[in-house]
Amino acid sequence: MSEQQEPRVKLPPVEQIGIVVKDMDRAIEYYTSTFGWGPFSIHEVGMEGAMLRGRPTTAKIKVAFAQSGPVQLELIQPLEGENIYT
């Protein structure tokens, strides 16, 4: 077995993981039953006035947050309009 090398770039510890999903309810069910993540706090967010590829866009997303120790988990489901998650 080889020795571990020092990383070339030192990054801070992971604080948040974001996962884009197609179906929030199914994703919450999966991540809760598989990894024990949760409970999730779910919110719908309007993205009025956001910019996408240099143009204004209007979109809506659903987000769900949960904690797993020091790491915040964020599930993101695009609902309406074109945005960085679609």
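Which strands does helix α1 lie across, and at about what angle does it run to β6? The legends below take up this point and then turn to other parts of the model, which is predicted.

**View 1. Helix α1 lies across four strands.** Helix α1 is made up of residues 24-35. The strands it lies across are β1, β2, β5 and β6. Relative to β6, helix α1 runs at about 160°.

**View 2. Four strands form an open sheet with mixed pairing.** The order of the strands is β1-β6-β5-β2. β1 (16-20) and β2 (41-46) stand at the edges; each has a single partner strand, so one side of each has no neighbour in the sheet. From one strand to the next, the twist averages 25°.

**View 3. β1 and β6 pair in the parallel sense.** Five bridges join β1 and β6. At one of the residues shown here, glutamine 16, the bridge partner is glutamine 72 in β6.

**View 4. Tyrosine 31 forms an aromatic pair with tyrosine 30 and another with tryptophan 37.** In the whole structure, a search finds five aromatic pairs. The pair of tyrosine 30 and tyrosine 31 is edge-to-face, with 5.0 Å from centre to centre and 75° between the planes. Tyrosine 30 counts as partly exposed because its relative accessibility is 44%, which lies between the limits of 20% and 50%. Tyrosine 31 has a relative accessible area of 15% and is therefore buried, the cut-off being under 20%. The pair of tyrosine 31 and tryptophan 37 is stacked: the centres are 5.0 Å apart and the planes are at 10°. Both residues of this stacked pair, tyrosine 31 and tryptophan 37, are buried.

**View 5. Ring pairs link four residues into a cluster.** The members of the cluster are Tyr30, Tyr31, Phe35 and Trp37. Among the pairs within it are the edge-to-face pair of tyrosine 30 and tyrosine 31 and the stacked pair of tyrosine 31 and tryptophan 37.

**View 6. Glycine 69 is found in the loop between β5 and β6.** The loop follows β5 (60-68) and leads to β6 (71-80). Glycine 69 has a relative accessible area of 59%, so it counts as exposed, for which the cut-off is over 50%. Along the chain, glycine 69 and tryptophan 37 are 32 residues apart. Their C-alpha atoms are separated by 9.9 Å.

Terms used: Residues are numbered from 1 along each chain as its sequence is written. This is a predicted model: local features need pLDDT of at least 70, side-chain atom pairs count only at pLDDT 80 or more; totals for chains, interfaces and linings use all residues. Side-chain values use heavy atoms; hydrogens and water are left out. Helices (H or I, at least four residues) and strands (E, at least two) are DSSP runs, numbered from the N terminus. Buried means under 20% relative accessible area, exposed over 50%, partly exposed in between (1.4 Å probe, protein chains only). Rings of Phe, Tyr and Trp (its six-membered ring) pair if their centres lie within 6.5 Å; planes under 30 degrees apart count as stacked, over 60 as edge-to-face and the rest as tilted. Two strands pair if DSSP finds at least two bridges between them. Axes are lines fitted to C-alpha atoms, for helices over the stretch in contact, and angles run from 0 to 180 degrees between N-to-C directions. Contact means heavy atoms within 4.5 Å.
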